[in-house]
Amino acid sequence: MPMLGARLARATFEPDLLVSDGEAFFVDGDLPVGAAIGTTEGVGVEGWIPFRSVFDTLWGGRRHVMMGASQMDAHGNSNIANIGPWERPKAQLLGVRGGPGNTVNHTTSFFIPRHTTRVFVDTVDMVSGLGYDRAATLHPNVRNHHRLARVVTNLAVMDFDSDDHRMHLVSVHPGVTVDDVVTATGFDLAIDSDTPTSRGPTDAEAEAIAQLDPRGLRHRELPAQGA
Amino acid sequence: MSTNKIITADAAVATLESGMTVGIGGWGSRRKPMALVRALLRTDITDLTVVSYGGPDVGLLCAAGKVRRLIYGFVSLDSIALEPHFRAARQAGTIAEPVEYDEGMLQWALYAGSLRLPFLPTRAGLASGVMDVNPNLRTVRSPYDDAEDLLAVPAIRLDAAFVHLNRSDERGNATFTGPDLYFDDLFLNACDPGRRFLSCERIVPTADLTEGTSFHTMRINRSMVDGVIEAPRGAHFTSCEPDYRAMKRSRRPTWLPPAIPMRGRNFPNSSCLATRPATSQPWTRGGTSSEHPRPIRFRRRHVQLRWRRCRTGRRGGRGVCRSLPWRRRDLCLGHGCHADVGCPTGPSHVRTRPAGE
């Protein structure tokens with residue numbers, strides 16, 4: 001889903017965006033998600049980015065990544081490493097991966113397909129990505145690079161643009177109420193008096209989405225509501 | 001002509017001792033030196049410190065109880081996000097000293113080791129859970145006007161390093177013809193001379209190293225390598241682009257020992273691991289056929305076996321379980337562990353004919 005979002009952005013309003021294929025190349029052209037480079041006519045390679053260059057790029061701050069999170073707290077501390085105590089986890093997940101380095105070096109957003117109180121918790125079991133409270137303890141050089149832009153879930157869009165950088169409700173998706181979001185969140189959200197509804201795709205965007213995801217992989221990751 | 005460094009995988013791992021620090025190249029499920037890892041699984045060596053961008057290598061070594069200390073940023077099979085053996089071992093608490101780093105910290109630790117520096121500074125990891133669970137990590141203050149505190153990632157030096165590349169000559173000059181070198185050069189450079197082992201798909205004359213590819217791929221030279229192992233499909237079942245892709249089944253990887261189902265209440269269950277010593281299981285065999293001349297005995301008579309001529313194999317034939325669909329029978333390994341082919345009834349029904357038969 002984040003990959004589709006990035007490719008949609010490039011196909012519509014941000015044509016200068018460099019998009020990687022998740023392996024070692026920058027994709028030149030609008031490659032459908034799930035397709036390998038070389039399988040779509042007119043879509044080639046515009047750059048080589050092996051894993052070592054990935055770290056160069058991200059520590060240099062020239063990236064905006066969209067990650068997943070198994071847990072997240074009100075300050076944006078995120079966890080993809082393990083559930084339960086680290087010494088002997090109840091569920092071992094991936095490990096911290098690049099989360100610590102991503103969040104201190106460049107803008108990070110999150111896509112969470114299931115918005116529940118199990119994900120949005122009071123305290124995360126392992127901080128694999130830094131939230132605003134932890135980043136505030138660091139040198140201004142680090143704080144200046146730390147930015148959590150958006151958290152997109154199946155219910156709503158959130159950001160951290162509140163007074164104390166607590167999670168703030170930006171919009172709720174069509175058919176979802178603010179109360180639904182509050183119920184599914186394990187901490188207090190900053191909520192404006194009037195929360196708008198997330199806008200749907202325009203016709204042009206819907207067309208681009210259909211071209212970028214002809215196999216409908218997005219529905220597998222996020223089943224249609226009520227389905 | 002300088003030294004010929006060709007040895008077998010078993011001879012390579014025989015130089016290791018319990019308690020050593022071993023670095024394993026590749027990334028997740030990509031170009032892992034599985035022939036060397038399997039050879040290591042067949043030994044009695046234990047108590048290892050393993051450093052890896054982890055995939056099935058880490059999982060299998062954990063399942064075999066060989067890992068005392070594990071330094072990792074992640075352990076994943078990529079398309080199958082969670083590595084089941086690693087998961088089971090962590091949840092059972094059988095890895096005595098897990099050391100969890102940010103991926104970039106691990107690169108820095110190996111780079112510092114390869115430059116013989118005590119540490120390298122970075123921002124990655126600062127104030128994160130990595131600092132919470134590794135209390136021995138220290139910060140260092142910039143001596144310049146900014147006075148910024150940075151994480152000092154301690155260097156890792158290795159006693160042994162395993163990597164797998166596409167081509168090598170007999171002296172250890174090697175090329176990667178796939179998309180990425182990963183950090184294989186760092187693993188070799190961070191290792192003390194003596195046990196830096198490179199397995200490869202093909203040993204070729206030096207002049208042929210860049211045949212069909214560019215000289216930019218010559219990233220490993222013979223000063224970085226002590227032993228060369230010819231292991232066709234030696235990264236299997238991880239990928240070794242462009243020679244072959246990773247072999248993964250959507251439902252359940254067949255290299256899992258039969259006792260550990262991927263789903264259900266028995267998984268993850270550490271007792272499965274405890275009751276089956278991993279080194280005696282057929283899934284630890286594999287790699288080149290010379291590594292396991294003993295045929296794997298099959299137990300159930302109702303499974304019909306047939307010999308089929310190996311399509312690509314140069315080293316003897318193979319048994320194919322008839323219950324395999326034809327398209328999978330074509331996934332000929334030629335040299336090794338047929339448990340990896342994906343026999344739906346499990347690896348014990350597939351047997352290997354020894355080389356030269």
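Which residues does Leu148(A) touch, not counting residues up to four places away in sequence? Gly76(A), Thr108(A) and Phe160(A) are the ones. Before I go on, keep in mind that what we have here is a predicted model.

Okay, a bit more on that leucine. Leu148(A) sits in strand β9 of chain A, which covers residues 147–153. Is it buried or exposed? Leu148(A) has 26 other C-beta atoms within 10 Å, and the bar for buried is 20 or more, so it counts as buried. If you want a distance to check, try Gly129(A): that residue is 19 places from Leu148(A) along the chain, and their C-alpha atoms are 9.9 Å apart.

Zooming out on chain A, there are two domains, with domain 1 at 1–49 and domain 2 at 63–202. Taken over C-alpha atoms, the centres of those two domains in chain A are separated by 26 Å.

One backbone oddity in chain A, for those of you who like Ramachandran plots. His165(A) isn't a glycine, yet its phi is positive, near 55°. You'll find His165(A) in the loop that runs between β10 (156–159) and β11 (168–172) of chain A. With 19 C-beta neighbours inside 10 Å, His165(A) comes out as partly exposed, because buried needs 20 or more.

Now, chain B. We're looking at 357 residues, of which 52% count as buried. The secondary structure of chain B adds up to nine helices and 13 strands. And if you take the contacts in chain B with a separation of 6 or more, 72% of them come from residues 24 or more positions apart.

So where do the chains meet? On the chain B side, 35 residues are in contact with 35 residues of chain A. Four elements of chain B, β3 (67–75), α4 (84–92), α5 (103–115) and α6 (129–133), each supply at least two residues of that side. Split by class, the side of chain B that touches chain A has 16 nonpolar, nine polar and ten charged residues.

Let's stay in chain B and go to a sheet. Three strands of chain B make an open sheet, ordered β5-β7-β6, with antiparallel pairing. Which strands stand at the edges? Those are β5 and β6 (138–141) of chain B; each has a single partner strand, so one side of each is left without a neighbour in the sheet. On average, neighbouring strands in this sheet are turned by 45° against each other, ignoring direction. Helix α5(B), which we just met at the interface, packs on this sheet and touches β5 and β7 of chain B. The direction of α5(B) makes about 150° with that of β5(B).

For the register, look at β6(B) and β7(B), the latter being residues 149–154: they pair antiparallel over four bridges. Val140(B) has Leu150(B) as its bridge partner in β7(B).

Right after α5(B), there's another positive phi. Arg116(B), in the loop between α5 and β5 (119–122) of chain B, has phi near 60°, and again that's a residue other than glycine. Arg116(B) has 10 other C-beta atoms within 10 Å, and 12 or fewer means exposed, so exposed it is.

Next, a parallel pair. Strand β10(B), residues 196–203, pairs with β11(B) in the parallel sense over four bridges. Ser199(B) stands opposite Ile229(B) in β11(B). In a regular strand, side chains alternate between the two faces of the sheet. In β11(B), Gly227(B) and Ile229(B) point one way and Val228(B) and Glu230(B) the other, and all are buried. Yes, that includes the glutamate, Glu230(B).

Follow the chain past β11(B) and you get two cis peptides. The bond from His236(B) to Phe237(B) is cis with omega near 10°, and the one from Glu241(B) to Pro242(B) is cis with omega near 0°. Phe237(B) is in the loop between β11 (227–230) and α8 (270–275) of chain B, and Pro242(B) has its place in the loop between β11 and α8 too.

Last stop: helix α3(B), residues 56–63. How many of its eight residues are buried? Eight of the eight, including Asp57(B) along with Pro56(B), Val58(B) and Leu60(B). Just after α3(B), Gly65(B) takes a positive phi of about 70°. That's me done.

Conventions: Residues are numbered from 1 along each chain as its sequence is written. Chains are lettered from A and ligands numbered from 1 in the order in which they are written. This is a predicted model: local features need pLDDT of at least 70, side-chain atom pairs count only at pLDDT 80 or more; totals for chains, interfaces and linings use all residues. Domain bounds come from an automatic or database domain assignment. Two residues are in contact if their C-beta atoms, placed from the backbone, lie within 7 Å. Ala, Val, Leu, Ile, Met, Phe, Trp, Tyr, Cys and Pro count as nonpolar, Asp, Glu, Lys and Arg as charged, and the others, Gly among them, as polar. Two strands pair if DSSP finds at least two bridges between them. Axes are lines fitted to C-alpha atoms, for helices over the stretch in contact, and angles run from 0 to 180 degrees between N-to-C directions.
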